Amino acid sequence: MPTPSLTALPIRRLGPRDVTACADLSENRQWQREEHKWGLLLTAGQGYGIDDPEGGLVAACVVTEYGPEGNPDLGAIGMVLVAERHARRGVGRRLLRHVMAAAGTTPLTLHATPMGRPLYEELGFKVVGHADMLMGDFFPSGAPERIPTRAATAEDLPAILRLDAEVFGTDRTPLIARLPAFADQVRVAEEAGRITGYAAAWPNMDTHVVGPLIARDTETAKALVTSLAARTDRPLRTDIDMRHEELRSWLRERGLEPVAVNAVMTHGIADLPGDWTRRFAPLTVAAG
């Protein structure tokens with residue numbers, strides 16, 4: 001039987017049962033397998049993929065929607081991957097056009113690598129910012145922390161969700177409510193009984209990823225990162241908004257090294273909603 005052309009292969013919805021196939025696709029493109037992250041994204045978001053008649057996936061991506069169910073305010077596109085042997089044949093473009101059509105009038109955002117950015121620009125995405133990926137062993141300053149933090153409890157979840165929606169600019173309950181099960185740590189900063197910031201550290205291969213990182217100010221963000229780092233032996237990885245230069249410099253002083261800079265892009269909206277001054281790092285760039 002002849003192999004069907006790529007344009008004839010149907011695009012289907014992906015779900016949690018497709019985690020292994022998605023991880024295999026990541027590995028095919030020399031990305032880490034990241035099965036733990038794929039599991040979250042395919043549960044909290046909606047995956048799209050093209051099956052390879054010879055086995056596995058030709059391509060995949062995930063869209064995580066935020067806001068009212070059925071009428072989202074924002075959709076984040078992530079994990080856009082095309083198998084090496086099918087690369088540069090228009091598959092990624094076809095998949096993204098399908099996702100954009102499915103989104104309709106919902107504004108979209110994504111983090112673009114330098115390699116992927118030209119395609120996204122061709123599809124009408126505009127650069128609105130940049131994120132600095134940093135990674136390494138964290139070395140504490142040794143000075144006492146001026147801002148206390150503590151482990152989050154189940155009773156904190158409503159306040160965390162309210163703070164997150166205020167800072168992010170839309171409701172992310174389906175994603176953030178999964179943090180306690182997904183992350184190894186969730187910690188909060190609190191003043192006079194009011195939560196002023198929160199952060200999580202979740203396992204990804206041999207690192208702990210710090211994200212989300214939402215805080216009233218830079219000192220609160222530093223305290224949250226320090227408290228997370230004190231409770232893991234793994235290197236840290238995080239993606240800091242480039243506008244937070246003080247925090248980025250501090251993280252470099254504490255041992256984290258720049259790995260990559262990705263462009264934050266939007267489609268159908270001039271800029272991301274919410275308050276960037278308190279939004280230091282996403283849960284994962286794949287979820288916006």
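This is a short talk on the fold, one helix and a few individual residues of the structure shown above.

Hi everyone, and thanks for coming. Please keep in mind that what you see is a predicted model.

Let me begin with the whole protein. We have nine helices and 13 strands here. The radius of gyration is 19 Å, close to the 19 Å that the globule rule gives for 288 residues, so the protein is as compact as a globular protein of that length. If you draw a box around the C-alpha atoms along the principal axes, its sides come to roughly 70 × 35 × 35 Å.

How much of the protein counts as buried? The figure is 52% of the 288 residues. On the outside, about 13100 Å² is exposed, and carbon and sulfur atoms supply 52% of that area. As for charge, there are 32 positive and 37 negative side chains, and the centres of these two sets are 3 Å apart. Now for contacts: take the ones between residues at least 6 apart in sequence, and 72% of them join residues at least 24 apart.

Next, helix 8, which covers residues 218–229. Does it sit enclosed or open? Eleven of its twelve residues are buried, so helix 8 is largely enclosed by the rest of the structure. Among those buried residues are Thr218, Thr220, Lys222, Leu224, Val225 and Leu228. Notice that a lysine, Lys222, is on the buried list along with alanines such as Ala221, Ala223 and Ala229. The geometry adds up too: at 1.5 Å a residue, twelve residues should span 16 Å, and the end C-alpha atoms are 16 Å apart, which agrees.

Staying with helices, let's go back to helix 1, residues 19–28, where we find Ala23. Ala23 has 0% relative accessibility and counts as buried. Which residues does Ala23 touch, leaving aside its neighbours within four places in sequence? They are Arg33, Glu35 and Trp38. For a sense of distance, Ala23 and Thr266 are 243 residues apart in sequence, and their C-alpha atoms are 26 Å apart in space.

Now for some backbone details, which you can follow along strands 8, 9 and 10. In the loop between strand 8 (185–191) and strand 9 (194–204) sits Ala192. Ala192 is not a glycine, yet its phi is positive, about 55°. This alanine is exposed, with a relative accessible area of 86%.

Moving into strand 9, we meet Arg194. Its relative accessibility of 51% makes Arg194 exposed. Arg194 and Ala101 are 93 residues apart along the chain, with 42 Å between their C-alpha atoms.

After strand 9 comes a loop leading to strand 10, and Met205 is in that loop. Met205 is another residue other than glycine with a positive phi, near 55°. How accessible is Met205? It counts as partly exposed, at 43% relative accessibility.

Finally, strand 10 runs over residues 207–215 and contains Pro212. Which form does the peptide bond from Gly211 to Pro212 take, cis or trans? This bond is cis, with omega near -5°.

To recap, we have looked at helix 8, largely enclosed by its surroundings, at Ala23, buried in helix 1, and at the cis bond before Pro212. Thanks for listening, and I'm happy to go back to any of these spots on the structure.

Definitions and conventions
Residues numbered from 1 in each chain as written. Predicted model: local features only at pLDDT ≥ 70, side-chain atom pairs only at ≥ 80, totals over all residues. Heavy atoms only, no water. Helix = DSSP H or I, 4+ residues; strand = E, 2+ residues; numbered from the N terminus. Expected span 1.5 Å × (residues − 1). Buried < 20%, exposed > 50% of the residue type's maximum accessible area, 1.4 Å probe, protein only. Rg over C-alpha atoms; globule rule 2.2 N^0.38 Å. Contact = heavy atoms within 4.5 Å. Areas by Shrake-Rupley, 256 points an atom, 1.4 Å probe, with all protein chains shown as cover. Lys, Arg positive; Asp, Glu negative; His and termini not counted. Charge placed at Lys NZ, Arg CZ, Asp CG, Glu CD.
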